[in-house]
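Let's walk through this one sheet by sheet, then look at where the chains meet. Have the viewer open as you read.

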Amino acid sequence: MPKQFEYPEIFSFAPFFTIQPVLATREKQMGLWRELILSYHTSLKIKTLRVHDCPLWKNKEIGRELNSEAINTIMEDFVESGHGEWEDQTKTRCRILWRKPEQLASDIYDWADTNGFINSVCTVYELHSGEDINGMSFEGADEELLRRALLILEKQGKCTMFKGETSEEDGIKFF
Amino acid sequence: MAHRRGRAGIGALAKKGETSKFSKKAEEIKTTSLQSAMDTVKKLEVKLTEFAKTHHEAIASDPAFRHKFLSMCAPLGVDPLTTKKSFWSFLKMGDFYHELAVKVAEVCYAYRTRNGGIMSIHEVQKVLMTRGTKFRLNNMTTKYSEDDIIIAIEKLKKLGSGFRTISVGGTRMVVSVPTELDNDHMQVIQLAQDISGGITMDMVEDVTGWNSDRVRRAMDLLLAEGMAWLDRYEGLEFYWFPSVWKETLVS
């Protein structure tokens, strides 16, 4: 059941839809847009933002909307912050990374450490849907995103991956 | 103070050589009046302290009552807030206002990037209440009013922190940045309040009669300080004040 999203107060503030000329104010504004995009997509569990029809760009109730230049500025800022990445060259679709891969990587490793998985193996499936991971940031995570996080851990020498019979059974050994 | 009493004054009497007799009497009267004034004040102070002891619970729990009490103290030069070692400290008002001042400062700092360092007292109170901030005054959790917040800000002011209260129309606001807001700025903020929405430079010109340079100067500062945000709509430029806008939201 999709739950209703509660828009933050700032969404009803007309200037929110104009990129602010004063730097300090603009920084505050960009922060608020990043928060809005992230919380909207996370709470409604929407994985991809489609730039051309994202409902966040306009607020009919106050009669304001972002122009295309403003949308670009906001999207560039969002991607740069590490919470989004373009799925295509033409920058029409953006995958929402509600946890940055680096954050997920450290969350996974901490969990593995706490739960005694160091020097032992678990599968990719267990990581996103297993029994022990209730409430963890990577619960229900996109497999793609998980693999990215695991790749980071591999590079750090904190785990190694090996193939299982199916991709879900691919294994991870933590060090 | 210079007194000019004309012909019948001391100067005139001096000419008549009656100064010494008269001035002695004048001194006597002065001394007596001063003495009796001081006696009266002392009596009032005693009454006030009796009052405080009897009603200390009401003073602690009821902001309106508290303010009546403080307004009685002021003319007598009694300040229950700062008098530390006196028996007024049993009221623990100094501590209460100190705690409140710290919380008020926290709220102002937290909202500074959003409103440029100006916000209504009412909004500060709302934030504190939403956060569930409670204070203990004389061992009782107390309600605190906008007046309490203003007193707390006065405390902050005395510490030289750049905090001060200003009044824009009927709304009392706290400014927590050292920015110099002159009358022009206040008038612009006032206009935003009256309109209850975004204002344009033309609107300001129409209402105030200032030339466009003067309007721009005022607006530029408010924008630069982050007290105003820009809204471009249908080729027009509107200026909105987060601190004012907040007050228009349904509380």
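In what order do the 3 strands of the open sheet in chain A lie? The order is β6-β8-β7, and the pairing is antiparallel. Keep in mind that this is a predicted model.

## The chain A sheet

The edges of this sheet are β6 and β7 of chain A, each of which pairs on one side only. On average, neighbouring strands here are turned by 25° against each other, direction ignored.

Now for the pairings themselves. Strand β6 (residues 121-123) of chain A runs antiparallel to strand β8 (residues 171-174) of chain A, and 3 bridges join the two. If you want a spot to zoom in on, try A:Thr123, whose bridge partner in β8(A) is A:Gly171. Strand β7 (residues 159-162) of chain A is also antiparallel to β8(A), this time with 4 bridges. Along that pairing, A:Cys159 has A:Phe174 of β8(A) as its bridge partner, while A:Met161 stands opposite A:Ile172 in β8(A).

There's a helix to go with the sheet, too. Helix α5 (residues 143-155) of chain A packs on it, touching β7 and β8 of chain A. The direction of helix α5 makes about 125° with that of β7(A).

## The chain B sheet

Over in chain B, there is an open sheet of 3 strands, ordered β1-β5-β4, with antiparallel pairing. Its edge strands are β1 (118-120) and β4 (164-168) of chain B, and each of them pairs on one side only. The average turn between neighbouring strands of this sheet is 35°, again ignoring direction.

Take a look at β1(B) alongside strand β5 (residues 171-175) of chain B: they pair in the antiparallel sense over 3 bridges. One residue to pick out is B:Ile118, which has B:Val175 in β5(B) as its bridge partner.

Which strands does helix α6 of chain B lie across? Helix α6 (residues 121-130) lies across β1, β4 and β5 of chain B, and runs at about 75° to β1(B). Helix α7 (residues 146-158) of chain B packs on the sheet as well, where it touches β4 and β5 of chain B. The angle between the direction of helix α7 and that of β4(B) is about 130°.

## Where the chains meet

How many residues does each chain bring to the contact? Chain A gives 16 residues and chain B gives 16 residues. Between them, the two chains bury about 1,600 Å², with 65% of that on carbon and sulfur atoms.

On the polar side of things, the rule finds 2 salt bridges across the interface of chain A and chain B. A:Arg64 makes a salt bridge with B:Asp231, and the closest N and O atoms of this pair are 2.7 Å apart. There are also 5 residue pairs in polar contact across the interface, counting pairs with both residues at pLDDT 80 or more.

As for the side of chain A that touches chain B, its largest share, 4 residues, comes from helix α1 (residues 23-43) of chain A. By residue type, this side of chain A divides into 7 nonpolar, 6 polar and 3 charged.

Technical notes: Residues numbered from 1 in each chain as written. Chains lettered and ligands numbered in written order. Predicted model: local features only at pLDDT ≥ 70, side-chain atom pairs only at ≥ 80, totals over all residues. Heavy atoms only, no water. Pairing = 2+ DSSP bridges. Axes fitted to C-alpha atoms, helices over the stretch in contact; angles between N-to-C directions. Contact = heavy atoms within 4.5 Å. Buried area = accessible area lost by both parts, 1.4 Å probe. Salt bridge = Lys/Arg side-chain N within 4 Å of Asp/Glu carboxyl O. Polar contact = N/O pair within 3.5 Å; in protein donor to acceptor, adjacent residues only side chain to side chain. Nonpolar A, V, L, I, M, F, W, Y, C, P; charged D, E, K, R; others polar.
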